[in-house]
Amino acid sequence: MLSAPLLEELGVAHAFGTRDDVEPPGLLRPRQVHGAVVVEAHACRAQPVPEADAVVSAEAGISIGVVTADCLPILLASERAGAVAAVHAGWRGLAAGVVEAGVRALRACAAGEAVTAVVGPHVGPCCYEVDAPVLDALATRHDALLEACLSRPRPQHAQLDLGALALAVLARTGVERRAALPAACTSCDSRRFHSYRRDGARAGRLVHRIAAG
Ligand SMILES: [Zn+2]
């Protein structure tokens, strides 16, 4: 498991998963579909589990989470840790606005408190070449932010830094404190991480969680 200094400072119980971590019993998480819907934690107790890509909670001691295998996990908390959120965002989610939706839902529970957000392990720009349809979809919502997150090693090829784009979106959304875990490319680091890009359909999932205090 990996923890984030910014969230530790707030005293928030949280963990970004690595490949040896098992899902804790009772973790409340939605059925992820690469969209922008946010659900409240209690809704994830229903059967069938609702489809969403972000979950928010103001229930103390209840762990909420998302799973990933290259996409971005983002854990968020309010200043006094009374409200938390977990977001799953790949390029589709970023294009659909899931990051902004997750921040909005957290702020609705957080009564004007400052928000802290940390981006966890995800596929790095080293391993994430994207094509025109992906760039077009992202440009529709994030045009002004996108170019600074791209590198173009040769014509017709673009490597996208999803984490940098998420941090830029968080900044634009007014999130007061933001960070990404360093040196955590899921595709490069097979010892620590599952990766869909690297392992295909047999890839496992990393489990990320956070709980309000
Ligand atoms: Zn990489």
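What is the volume of the largest pocket? In this predicted model, the largest pocket has a volume of about 390 Å³. Its lining is made up of 21 residues, and those nearest the centre of the pocket are His-34, Ala-69, Asp-70, Cys-71 and Tyr-196. Strand 4 (63-68), helix 2 (91-96), strand 8 (129-130) and helix 6 are the elements that give two or more residues to this lining. By residue type, the lining of the largest pocket divides into ten nonpolar, six charged and five polar residues.

Asp-70, one of the residues nearest the centre of the largest pocket, also appears among the contacts of Ser-187. Ser-187 is placed in the loop between strand 11 (177-180) and helix 6 (196-199). Leaving aside residues up to four places away in sequence, Ser-187 touches Asp-70, Val-123, Cys-127, Ser-195, Arg-197 and Arg-198. Is Ser-187 buried or exposed? With a relative accessible area of 14%, Ser-187 falls under the 20% cut-off and therefore counts as buried.

Strand 6 makes a good place to turn to the strands. All six of the six residues of strand 6 (residues 84-89) are buried, so that the strand is mostly covered. In a regular strand, the side chains alternate between the two faces of the sheet. Both faces of strand 6 are covered, with buried Val-84, Ala-86 and His-88 on one side and buried Ala-85, Val-87 and Ala-89 on the other.

Which strands pair with strand 6? Strand 3 (residues 54-57) pairs with strand 6 in the antiparallel sense, over four bridges, and strand 5 (residues 72-78) runs antiparallel to strand 6 and is joined to it by six bridges. In the pairing with strand 3, Ala-86 of strand 6 stands opposite Val-55. In the pairing with strand 5, His-88 of strand 6 is the bridge partner of Pro-73. Strand 5 and strand 6 form a hairpin, with five residues between them. Within the turn of this hairpin, Ala-81 has a positive phi of about 65°.

Val-55 links this picture to strand 2, where Val-39 lies. Val-39 touches Val-55 along with Pro-30, Cys-44, Pro-50, Ala-52, Ala-54 and Val-56, not counting residues up to four places away in sequence. Val-39 has a relative accessible area of 11% and is buried. Between Val-39 and Asp-143, the separation is 104 residues in sequence and 27 Å in space, C-alpha to C-alpha.

An open sheet is formed by three strands in the order 8-10-9, with antiparallel pairing. Strand 8 and strand 9 (150-151) are the edge strands, each pairing on one side only. Two bridges join strand 9 and strand 10 (residues 158-160) in the antiparallel sense, and Gln-159 in strand 10 has Ser-151 opposite. Strand 8, at one edge of this sheet, is also one of the elements giving two or more residues to the lining of the largest pocket.

How many salt bridges does the structure hold? There are eleven salt bridges in the structure. One of them joins Glu-23 and Arg-29, whose closest N and O atoms are 2.9 Å apart. Both partners are partly exposed, with a relative accessible area of 34% for Glu-23 and 26% for Arg-29. Another salt bridge brings together the side chains of Glu-51 and Arg-31, at 2.8 Å from N to O. Because Glu-51 lies in the loop between strand 2 (38-40) and strand 3, and Arg-31 in the loop between strand 1 (13-15) and strand 2, this pair ties together parts that are 20 residues apart in sequence. Glu-51 is partly exposed at 43% relative accessibility, and Arg-31 is also partly exposed, at 46%.

A further salt bridge is formed by Arg-172 and Glu-100, the closest N and O atoms being 3.3 Å apart. Arg-172 belongs to helix 5 (residues 162-172) and Glu-100 to helix 3 (residues 98-110), so the salt bridge ties together parts that are 72 residues apart in sequence. Are the two partners buried or exposed? Arg-172 counts as partly exposed at 42% relative accessibility, whereas Glu-100 is buried, with a relative accessible area of 9%. Together with Arg-141, Glu-100 and Arg-172 are linked in a network of salt bridges.

Methods: Residues numbered from 1 in each chain as written. Predicted model: local features only at pLDDT ≥ 70, side-chain atom pairs only at ≥ 80, totals over all residues. Heavy atoms only, no water. Buried < 20%, exposed > 50% of the residue type's maximum accessible area, 1.4 Å probe, protein only. Contact = heavy atoms within 4.5 Å. Pairing = 2+ DSSP bridges. 1 Å grid on protein atoms, 1.4 Å probe; cavity = no way out; pocket = protein on both sides within 12 Å on 5 of 7 lines; lining within 4 Å. Points joined across faces, edges and corners; volume = space filled by probe spheres on them. Nonpolar A, V, L, I, M, F, W, Y, C, P; charged D, E, K, R; others polar. Salt bridge = Lys/Arg side-chain N within 4 Å of Asp/Glu carboxyl O.
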